[in-house]
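Let's take a walk through this protein together, with the sequence and the 3D view side by side. We will stop at a pocket and then turn to the disulfides.

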Amino acid sequence: MARRSKTITSRHRQVVVGGSLAALIVIAAVAFVLLRQPGVDTEARLLAQGSVVAGVSGGIGSEGESAGLRLCNKTSSRVGVAIGYKQNNDWATEGWWNITAGACETLVGGTLVSRFYYIYAVDYDHGGLWGGRATMCTRDKMFTIRGIRNCVARGYESSGFFEVDTGEQKSWTVQLTEPGQPEVGIGG
């Protein structure tokens, strides 16, 4: 009966480890080059690290839609969405709306009373997120959180939301898109 040679096993491990290290170095170099491209701002670089580089667009909701803030998932993934808003001079965050690929959900019903809303979304299927600079509180389970300060000290996570400027319209639709898709707002 033939026995495996220890040198072959050892040599095989060296080849596998060496190949893996080479692949990691190439991936890191490509990521470094992509993140250092001219014209890419710091926020975009930060979001590109571990997140989906995707589009977000918005527009006035069409007359057939009910008033409010809607989010349409124009990606091929399921996404989880949290929203931040100011109500009676106090900040609040709520989540999670689970929105399937190609579907739309109303996040705020009725006539919009604020000009600015904040959104944080997570891609459940491919990983990554849509976020921004506005730090607000979230948690893993369904939540409504009053206040946006001291998130971690209060037992929550601190997440970066992106700002949606509705231009003081009574309804607005935000579209999450995948990289390479055109960012087209919905007209009124």
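What volume does the second largest pocket have? In this predicted model, the second largest pocket comes to about 200 Å³. If you would like to find it on your screen, start from Y85, Q87, V108, V113 and Y117, the residues that lie nearest its centre among the 15 that line it.

Now look at where those lining residues come from. Three elements each give two or more residues to the lining: β3 (79-87), β4 (90-99) and β5 (104-109). The largest share belongs to β3, with 4 residues. As for chemistry, the lining of this pocket has 8 nonpolar residues, 5 polar ones and 2 charged ones. For a sense of how such spaces come to light, rolling a probe the size of a water molecule over the atoms shows where empty space is left.

Next, the disulfides. A disulfide is a covalent bond between the sulfur atoms of two cysteines. The count here is 2 disulfides. When the bonded cysteines are counted along the chain, the pattern of pairing is 1-2, 3-4.

Let's begin with C72 and C104, which are joined with an S to S distance of 2.0 Å. The link of C72 and C104 is right-handed, with 110 degrees about the S-S bond. This pair ties together distant parts of the chain: C72 sits in strand β2 (residues 68-73) and C104 in strand β5, 32 residues apart. Strand β5 may ring a bell, as it is one of the elements that give two or more residues to the pocket lining.

Are the two ends of this link buried or exposed? C72 has a relative accessibility of 3%, so it counts as buried, the cut-off for buried being under 20%. C104 has a relative accessible area of 29% and is therefore partly exposed.

Finally, move along to C137 and C151, whose sulfur atoms are 2.0 Å apart in a disulfide. The link of C137 and C151 is left-handed, with -85 degrees about the S-S bond. This pair, too, links distant parts of the chain, with C137 in strand β8 (residues 134-138) and C151 in the loop between β9 (143-146) and β10 (157-165), 14 residues apart. Both C137 and C151 are buried.

Technical notes:
Residues are numbered from 1 along each chain as its sequence is written. This is a predicted model: local features need pLDDT of at least 70, side-chain atom pairs count only at pLDDT 80 or more; totals for chains, interfaces and linings use all residues. Side-chain values use heavy atoms; hydrogens and water are left out. On a 1 Å grid over the protein atoms alone, a cavity is a set of points where a 1.4 Å probe fits but cannot get out, and a pocket is an open set with protein on both sides within 12 Å along at least five of seven lines; lining residues have an atom within 4 Å of a point. Grid points are joined across faces, edges and corners, and a volume is the space filled by probe spheres set on the points. Ala, Val, Leu, Ile, Met, Phe, Trp, Tyr, Cys and Pro count as nonpolar, Asp, Glu, Lys and Arg as charged, and the others, Gly among them, as polar. A disulfide is a pair of cysteine sulfur atoms within 2.5 Å. Buried means under 20% relative accessible area, exposed over 50%, partly exposed in between (1.4 Å probe, protein chains only).
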